[in-house]
Amino acid sequence: MFLLILCLVLTTGVLGFPWFRNDIPNGYKVPDPCTGQTGQIWEGVGHNQEPGGGPRNPFGLDFKTVGFKWTKELCQKDSDKDGRTNGEELGDPGCTWTKGGTPSAAASGHPGGFHADLKKIFFFVYVSCQVRDSDLDEFFRHENQAYPPSLSQFGQLRLSSKSDLLVSLEKMCVIVTEIPDVDAIILDGAVIVNILKPRFCKTFEDYSKQDSLKASNRGKRGKGIRRRVQADSTIPGNWESFLRIDDNKTELFAYLAEQLLTLTPSVQTTVVSTKGSKVVCNKPDKNNGNLSLCNHEAADTRTLLHVGIAVKSGMQKIMIRTVDTDVVVIAVSAVHKLNITCLWMAFGVGINFRYIPVHEIALFMGPSKSNALLFFNAFSGCDQVSSFSNRGKKTAWDTWLSFDAVTEDFKLLSDKPNEDCVNEAALNIERFVVLMYDRTSECLGVDAA
């Protein structure tokens, strides 16, 4: 028997859209607020990071609120509270600019950035302390910004490059390009609807029956448009905009969950699909009690729940279709506990698509380190935890390889992330952080370093 599972769980993401610069005056000529040098441009105008992407700055948040358009309200607002309106900083002081037109003046500031004036003040005070033999330790005890830089970047999460961790993990296995023989395939529904565009479909019924969706059975945030999902409803022209609305995706997933049950390729194939907190199946007599009333909010963990149920049903060769590194990490940590023979990841898109043997990675790392990977991934930066400043996944991974003593502490906090365990593991965790920034340091604690 072959098992197909579609995990339809609402997920969100953060993306940078460089073309939004066309929608604000002087969008391609906004000066870099950090360097203060003429000619230095800040490309990600609505983001804290210069290239764009990641957390939005105050202007980016206000831009999103008004529907990603240059409005009079947005023009007259002072997003970064520096005493100048967004229009004044972007060269439209009279708020008369329209898309495609020429601004009345050049951009003279950044409407949402960290300002050079504050950096200069901090610099001059620091130099003054040195010249006047002041107590520098006392100077650095005082906060110089509203948000602790160790926890965030100007009040927003400092995002890490999760793919860097995947590069390190893939060195422990042999990647293949031919589809492996498996008993069950588990599909991340949010990935499927993003990969499979409607193309020539006119209605949602057409979309649910298009060939590419059937093929997946055999073997892929911002402001949007609210659209009711019904069989005869017209497919929206902008699919990405449609998927940005949570209610749209909720209705679409529920509709597809029902329609997929009619796409069974053969009587030997069992199709199981999540529908909200419930589970539907093409075989009414099949007991899915272990999956129903599932309260997992994200597809990451619910996907592994499906794996566990498949293993209990006697299946030993399972494949998950995803594009999320977090799913790979959770899978590696679970292999030894599941006692599964083969767990594959059908990962990536286009020329980067490949099959990752997660079971080989877990075997190479061993039970303790595989389990410890959960806390390591969260601690070094994930969707809900800010990463370390100027220290990404690769640096954290290399530090772990050179400081294996922290493995048991990572494992402890993966199993029991409570206050007592944190206190027990604190010494080695601090030592790990010190080594991330200075591999030659002999300091045991962060404060001493």
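This report walks through a few spots in a predicted model, from an enclosed strand to some aromatic rings and a handful of single residues.

**Strand 6 and its neighbours**

Let's start with strand 6, which covers residues 342-347. Six of its six residues are buried, so the strand is largely enclosed by the rest of the structure. Look along strand 6 and you'll see the side chains split into two sets: Cys 342, Trp 344 and Ala 346 point one way, while Leu 343, Met 345 and Phe 347 point the other way. Whichever way they point, all of these residues are buried.

What does strand 6 pair with? One partner is strand 5 (residues 317-322), which runs parallel to strand 6 and is joined to it by six bridges. Within that pairing, Arg 321 has Ala 346 of strand 6 as its bridge partner. To get from strand 5 to strand 6, the chain passes through helix 13 (residues 325-338), making a β-α-β crossover that is right-handed.

Another partner is strand 7 (residues 354-357), which pairs with strand 6 in the antiparallel sense over four bridges. Ala 346 turns up again here, since its bridge partner in strand 7 is Tyr 355. Strands 6 and 7 form a hairpin with six residues between the strands, and in this hairpin Gly 348 takes a positive phi near 90°.

Now step back to strand 5, where you'll find Thr 322. Is Thr 322 buried or exposed? With a relative accessibility of 1%, Thr 322 counts as buried, because the cut-off for that is under 20%. A polar atom of the Thr 322 side chain lies 3.1 Å from the backbone nitrogen of Asp 324.

**Asp 326 and helix 6**

Move on into helix 13 and you come to Asp 326. This residue also counts as buried, at 8% relative accessibility. Its side chain makes a polar contact of 3.2 Å with the side chain of Asn 377. Leaving out residues up to four places away in sequence, Asp 326 touches Lys 162, Asp 300, Asn 377 and Asp 383.

Helix 6 (residues 163-170) is worth a look too. Its buried residues include Leu 165, Leu 166, Ser 168, Leu 169 and Glu 170. And what covers the buried residues of helix 6? The cover includes some elements we've already met, namely helix 13, strand 6 and strand 7, and it also includes helix 14 (358-379) and helix 15 (393-402).

**Aromatic rings**

Next come the rings. A search of the whole structure turns up 13 aromatic pairs. Here are two that involve Phe 63.

| Pair | Distance between centres | Angle between planes | Arrangement |
|---|---|---|---|
| Phe 59 and Phe 63 | 6.0 Å | 10° | stacked |
| Phe 63 and Phe 68 | 5.5 Å | 85° | edge-to-face |

Why is the pair of Phe 59 and Phe 63 called stacked? The planes are at 10°, and stacking calls for planes under 30 degrees apart, so the pair fits. Phe 59 and Phe 63 are four residues apart in helix 1 (residues 58-65), so about one helical turn separates them. In general, an α-helix has 3.6 residues a turn, so residues three or four places apart point the same way. Phe 59 is buried, with a relative accessible area of 2%, and Phe 63 is buried as well, at 6%. Phe 68, which pairs with Phe 63, is also buried.

Elsewhere, ring pairs link Phe 375, Phe 376, Phe 379, Phe 388, Trp 397, Trp 400, Phe 410 and Phe 432 into a cluster. One of these rings has a charge over it: the charged end of Lys 369 sits over the ring of Trp 400, 4.8 Å from its centre.

**Two asparagines with positive phi**

Most residues other than glycine have a negative phi. Asn 26 has a positive one, near 55°, and Asn 390 has a positive phi of about 60°. Where do these two sit? Asn 26 is in the loop between strand 1 (2-7) and helix 1, whereas Asn 390 is in the loop between helix 14 and helix 15. Their surroundings can be compared through accessibility: Asn 26 counts as buried at 14%, while Asn 390 is exposed, with a relative accessible area of 70%.

How values were computed:
Residues numbered from 1 in each chain as written. Predicted model: local features only at pLDDT ≥ 70, side-chain atom pairs only at ≥ 80, totals over all residues. Heavy atoms only, no water. Buried < 20%, exposed > 50% of the residue type's maximum accessible area, 1.4 Å probe, protein only. Pairing = 2+ DSSP bridges. Right-handed = clockwise from strand over helix to strand, strands pointing away. Polar contact = N/O pair within 3.5 Å; in protein donor to acceptor, adjacent residues only side chain to side chain. Contact = heavy atoms within 4.5 Å. Phe/Tyr/Trp six-rings, centres within 6.5 Å; stacked < 30°, edge-to-face > 60°. Lys NZ or Arg CZ within 6 Å of the ring centre and 35° of its normal.
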